[in-house]
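Let's take a walk through this protein together. Have the sequence and the 3D view at hand as you read.

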Amino acid sequence: MTPEKLDLLFPFVVTAYGAVMTFVLNTPALVELAETRLPYAVNQQIKGHRGLALICLVAGGLWSLQNLWL
């Protein structure tokens, strides 16, 4: 895979990460499932990624749109 192809795909990976994490962290059933089945430390680490997920969703979405536009 060439660096040019990676440059085109990376914004979509960032957007996908942001979308998946935002969806998981804002779905009450999945949050409850994580609280009951995951250790406390892992649960807190996942919740700590809420801000990063939102930034990735917005920045990756804009970056992807820029790549599609050009």
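What follows looks at a pair of helices, then at two side-chain pairs, and finally at a single valine.

Please keep in mind that this is a predicted model. A good place to begin is with helix 1, residues 3–25, and helix 4, residues 50–69. Their axes come within 7 Å of each other and cross at roughly 145°. If you turn the view to look at how one helix passes the other, you will find that the crossing is left-handed. And what sort of residues make up the contact of helix 1 with helix 4? They divide into 16 nonpolar, 7 polar and 2 charged.

Staying with these two helices, let's turn to the aromatic rings. Searching the whole structure turns up 1 aromatic pair. Its partners are Phe 10 and Trp 63, with ring centres 5.6 Å apart and planes at 75°. Since planes over 60 degrees apart count as edge-to-face, this pair is edge-to-face. Phe 10 sits in helix 1 and Trp 63 in helix 4, so the pair ties together parts that are 53 residues apart in sequence. Are these two rings buried or exposed? Phe 10 has a relative accessible area of 46%, so it is partly exposed. Trp 63 has a value of 36%, so Trp 63 is partly exposed as well.

Now for charge. Side chains of opposite charge can pair when their charged atoms come close. The structure holds 1 salt bridge. Glu 35 and Lys 47 form it, and their closest N and O atoms are 3.0 Å apart. This pair links distant parts of the chain, with Glu 35 in helix 2 (residues 28–37) and Lys 47 in helix 3 (residues 40–47), 12 residues apart. How accessible are the two partners? Glu 35 has a relative accessible area of 42% and is therefore partly exposed. For Lys 47 the figure is 28%, so Lys 47 is partly exposed too.

Our last stop is Val 31, which also belongs to helix 2. With a relative accessible area of 23%, Val 31 is partly exposed, because buried would mean under 20%. Which residues does Val 31 touch, leaving aside those up to four places away in sequence? They are Val 24 and Leu 25. You can also compare the position of Val 31 with that of Asn 43, 12 residues apart along the chain: their C-alpha atoms are separated by 9.0 Å.

Terms used: Residues numbered from 1 in each chain as written. Predicted model: local features only at pLDDT ≥ 70, side-chain atom pairs only at ≥ 80, totals over all residues. Heavy atoms only, no water. Axes fitted to C-alpha atoms, helices over the stretch in contact; angles between N-to-C directions. Helix = DSSP H or I, 4+ residues; strand = E, 2+ residues; numbered from the N terminus. Left-handed = near helix turned anticlockwise from the far one by under 90°. Nonpolar A, V, L, I, M, F, W, Y, C, P; charged D, E, K, R; others polar. Phe/Tyr/Trp six-rings, centres within 6.5 Å; stacked < 30°, edge-to-face > 60°. Buried < 20%, exposed > 50% of the residue type's maximum accessible area, 1.4 Å probe, protein only. Salt bridge = Lys/Arg side-chain N within 4 Å of Asp/Glu carboxyl O. Contact = heavy atoms within 4.5 Å.
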